[in-house]
Amino acid sequence: MPFTTNAETQHCPRCTHAAFHAESIPVAGKMWHKICFRCGLCKKMLEISNFAEHDGDVYCKQCYTRKYGIRGVGFGIGAGALGMDSGERFGNTQSQLGKINFPPMPNLPPPN
């Protein structure tokens, strides 16, 4: 007689393989393999104490701040702290700097 359980096996969001309890880490409501629990940008191994989650993906604190952090005037110590770096030199190709995040004005054509 084969062994069966009523519990459905959860899948790792990074590799989509089955993530069993003994070999996985429960983070953000999902079960991650220990080897798959890496930063979405720099691929650094993460721990429970040094990660941030956004839209189901996990990042190290540095990459999360670089990608989704505060930008603009007034969030630093003078003009020397103002940074508009999008992080391309670190491999960030998904920066939010170039995206328009406000709705277009009515009766005006969308920007090119």
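The questions and answers below cover the fold, core, rings, cysteines and backbone of this model. The model is predicted: local features need pLDDT of at least 70, side-chain atom pairs count only at pLDDT 80 or more, and totals for chains, interfaces and linings use all residues. Residues are numbered from 1 along each chain as its sequence is written, and side-chain values use heavy atoms, without hydrogens or water.

User: In what order do the elements of the protein chain run from the N terminus on?
Analyst: Helices (H or I, at least four residues) and strands (E, at least two) are DSSP runs, numbered from the N terminus. The protein chain has 1 helix and 4 strands. Read from the N terminus on, the order is β-β-β-β-α.

User: How many bridges join strand 1 to strand 2?
Analyst: Strands pair if DSSP finds at least two bridges between them. Strand 1 covers 24–27, and strand 2 covers 30–33. The two run antiparallel, and the bridges joining them number 4.

User: Which residue in strand 2 is the bridge partner of valine 27?
Analyst: Take isoleucine 25 as well: its bridge partner in strand 2 is tryptophan 32. For valine 27, the bridge partner in strand 2 is lysine 30.

User: Which residue in the hairpin of strand 1 and strand 2 takes a positive phi?
Analyst: The hairpin has 2 residues between the strands. One residue of that loop is not a glycine, yet has a positive phi of about 55 degrees. At 47% relative accessibility it counts as partly exposed (from 20% to 50% relative accessible area, 1.4 Å probe, protein chains only). This residue is alanine 28.

User: What is the phi of threonine 16?
Analyst: Threonine 16 lies in the segment before strand 1. At 57% relative accessibility, it counts as exposed (over 50%). Threonine 16 is not a glycine, yet its phi is positive, at about 60 degrees.

User: Which strand gives the most to the largest nonpolar core?
Analyst: A nonpolar core is a set of buried (under 20% relative accessible area) Ala, Val, Leu, Ile, Met, Phe, Trp, Tyr and Cys residues joined through side-chain atoms within 4.5 Å. The largest has 12 residues, including Ile25, Val27, Leu41, Leu46 and Val58. Strand 1 and strand 4 (57–60) each supply at least two residues of this core. The most, 3 residues, comes from strand 4.

User: What share of the residues in the protein chain is buried?
Analyst: In soluble globular proteins, nonpolar side chains tend to be buried together. This protein chain has 112 residues, and its buried share is 22%.

User: What share of the accessible surface belongs to carbon and sulfur atoms?
Analyst: Areas come from the Shrake-Rupley method with a 1.4 Å probe. The accessible surface of the protein chain comes to about 8700 Å². The share of carbon and sulfur atoms is 58%.

User: Is the pair of tyrosine 59 and tyrosine 68 stacked or edge-to-face?
Analyst: Rings of Phe, Tyr and Trp (its six-membered ring) pair if their centres lie within 6.5 Å; planes under 30 degrees apart are stacked, over 60 edge-to-face, the rest tilted. A search of the whole structure finds 4 such aromatic pairs. Here the centres are 5.8 Å apart and the planes stand at 65 degrees, so the pair is edge-to-face.

User: What is the angle between the planes of tyrosine 64 and tyrosine 68?
Analyst: Tyrosine 64 and tyrosine 68 are 4 residues apart in helix 1 (residues 61–68), so about one helical turn separates them. Both count as partly exposed, tyrosine 64 at 26% and tyrosine 68 at 23%. Their ring centres are 5.4 Å apart, and the pair is tilted because the planes stand at 45 degrees.

User: Which residues do ring pairs link into a cluster?
Analyst: The cluster members also belong to the largest nonpolar core. Ring pairs link Trp32, Phe37 and Phe51.

User: How many disulfides does the structure hold?
Analyst: A disulfide is a pair of cysteine sulfur atoms within 2.5 Å. Cysteine 36 is in none; its nearest cysteine sulfur, in cysteine 15, is 3.8 Å away. The number of disulfides in the structure is 0.

User: Which cysteine holds the closest sulfur to that of cysteine 39?
Analyst: Cysteine 39 counts as buried because its relative accessibility is 0%. Its sulfur is 3.7 Å from the closest cysteine sulfur, too far for a bond. That closest sulfur is in cysteine 42.
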